[in-house]
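Here's a short set of exercises on a small sheet, each with a worked solution. Keep the viewer open and try each task before reading on.

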Amino acid sequence: EGRRSVKVGNDTKTILITGIVRTADIQANNTVLSEKLHNFQVSIVGEGPLSRSSREGFLGEILDILWPF
């Protein structure tokens, strides 16, 4: 697992990289080439005013429950 936080304006974006690595693929400087990662997944999580404003509101959540289409 690797994680990096980057500040963009007033938001903080955290990039999370996960995957499976063989011990033999870990280099002497404790790095792994991306081509050696298996089940590679990337996720980006934001915190701050821009991220909060893009979340679905209370009414939208209720409508999704009542009318999921």
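**Exercise 1. Find which residue stands opposite Val 8 in S2, then work out how S1 and S2 are joined.**

Solution. Start with the pair itself: Val 8 faces Asp 11 in S2. Strands here are DSSP runs of E with at least two residues, helices are runs of H or I with at least four residues, and both are numbered from the N terminus. Two strands count as paired if DSSP finds at least two bridges between them.

Next, zoom out to the whole strands. S1 covers residues 2-8 and S2 covers residues 11-20; they run antiparallel, with seven bridges between them. Now look at the link: two residues separate the strands, which makes a hairpin. Gly 9 sits in that turn with a positive phi of about 65°.

A word on ground rules: this is a predicted model, where local features need pLDDT of at least 70 and side-chain atom pairs count only at pLDDT 80 or more, while totals for chains, interfaces and linings use all residues. Numbering starts from 1 along each chain as its sequence is written, and side-chain values use heavy atoms, leaving out hydrogens and water.

**Exercise 2. Work out the strand order of the sheet and say which strands stand at the edges.**

Solution. First, pair S2 with S3: eight bridges join S2 to S3 (residues 38-47), and the two run antiparallel. Two pairs to check by eye: Ile 17 has Val 42 as its bridge partner in S3, and Ile 20 stands opposite His 38.

Second, put the strands together. The three strands give an open, antiparallel sheet in the order S1-S2-S3. S1 and S3 are the edges; each has a single partner strand, so one side of each has no neighbour in the sheet. From one strand to the next the twist averages 15° (axes are lines fitted to C-alpha atoms, for helices over the stretch in contact, with angles from 0 to 180 degrees between N-to-C directions).

Third, place the sheet in the chain. The protein has two helices and three strands, and from the N terminus the elements go β-β-β-α-α.

**Exercise 3. Is Asp 11 buried or exposed?**

Solution. Take the cut-offs: buried is under 20% relative accessible area, exposed is over 50%, and partly exposed lies in between (1.4 Å probe, protein chains only). Asp 11, in strand S2, has a relative accessible area of 2%, so it's buried. Then check across the chain: the C-alpha atoms of Asp 11 and Glu 47 are separated by 5.5 Å, though the residues are 36 apart in sequence. For context, 10% of the 69 residues in the protein are buried.

**Exercise 4. Where do Asn 30 and Asn 39 lie, and what are their phi values?**

Solution. Begin with the background: most residues other than glycine have a negative phi. Asn 30, in the loop between S2 and S3, has a positive phi near 65°. Asn 39, in strand S3, has a positive phi near 55°.

Then add accessibility. Asn 30 is exposed, with a relative accessible area of 65%. Asn 39 also counts as exposed, at 58%.
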